[in-house]
Amino acid sequence: MHEMAIAEGILDIALDYAAKNDAKTIGCISLLLGEMSGVETEALTFCFSAVVRGTIAEDAKLKLHRVPLMGRCRSCGKEVHIEHYDFICPACHTGQLDIISGREMQVEYLEVE
């Protein structure tokens, strides 16, 4: 389950930020998760609740924001939501879509005190 490693990484980022800013508690951690990131949100939430026990993030709320998988066609310039990993442009029917969002997996912001 790679969600455990992701949860540990998120906690490491949050704790490092808190230490650098003399924070006593972490109240919220917001994440951007792209459709193509492969993260199972329920598993991540479960793993996060396990890794924060006994830390200053123990009561932190984990906010997950899904980012749609979007592409821009190199031929016609149309921006489209890519569904079912179908990288064919629905407007001009070429297979020249460049991914412009949907691969994100990053801490968006933290709330600390």
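Here is a walk through this predicted model, starting at one strand and working outwards.

Let's begin with β1, residues 26-34. This strand is mostly covered, with 8 of its 9 residues buried. It has strand neighbours to account for. On one pairing, β1 runs antiparallel to β6 (residues 105-112), and 7 bridges join the two. If you want a landmark there, look for L33, which stands opposite M105 in β6. On the other pairing, β1 runs parallel to β2 (residues 61-67), again through 7 bridges. Here the landmark is G34, which sits opposite V67 in β2. Strands of a sheet pair through backbone hydrogen bonds, and either direction will do.

How does the chain get from β1 to β2? Together with α2, these two strands make a right-handed β-α-β unit. On the way, in the loop between β1 and α2 (41-51), you pass S37. Is S37 buried or exposed? Its relative accessible area is 17%, and because buried means under 20%, S37 counts as buried. A polar atom of the S37 side chain lies 2.8 Å from the backbone oxygen of G34, the residue we just met opposite V67. Leaving aside residues up to four places away in sequence, S37 touches R66, G102 and E104.

Now for what packs around β1. The largest nonpolar core has 21 residues, and those touching the most other members are I10, I26, I29, L31, L44 and F48. α1 (2-20), β1 and α2 each supply at least two residues of this core, with α1 giving the most, at 6 residues. Nonpolar side chains tend to be buried together in soluble globular proteins. I26 makes a good place to zoom in: beyond residues up to four places away in sequence, its contacts are A14, L15, A18, I56, A57, D59, A60, E111 and V112. There's also a second, separate core of 6 residues, and L69, C73, V80 and I82 are among them.

That leaves a sheet to visit. Three strands form an open, antiparallel sheet in the order β4-β3-β5. β4 (79-81) and β5 (97-101) stand at the edges with a single partner strand each, so one side of each is left without a neighbour in the sheet. From one strand to the next, the twist averages 35°. Between β3 (residues 70-73) and β5 there are 4 bridges, running antiparallel, and G71 stands opposite I99 in β5.

Methods:
Residues are numbered from 1 along each chain as its sequence is written. This is a predicted model: local features need pLDDT of at least 70, side-chain atom pairs count only at pLDDT 80 or more; totals for chains, interfaces and linings use all residues. Side-chain values use heavy atoms; hydrogens and water are left out. Buried means under 20% relative accessible area, exposed over 50%, partly exposed in between (1.4 Å probe, protein chains only). A polar contact is a pair of N or O atoms within 3.5 Å; within protein, one must be able to donate a hydrogen and the other to accept it, and residues adjacent in sequence count only if both atoms are side-chain atoms. Contact means heavy atoms within 4.5 Å. Two strands pair if DSSP finds at least two bridges between them. A crossover is right-handed if, with the strands pointing away from the viewer, the path from the first strand over the helix to the second runs clockwise. Axes are lines fitted to C-alpha atoms, for helices over the stretch in contact, and angles run from 0 to 180 degrees between N-to-C directions. A nonpolar core is a set of buried Ala, Val, Leu, Ile, Met, Phe, Trp, Tyr and Cys residues joined through side-chain atoms within 4.5 Å.
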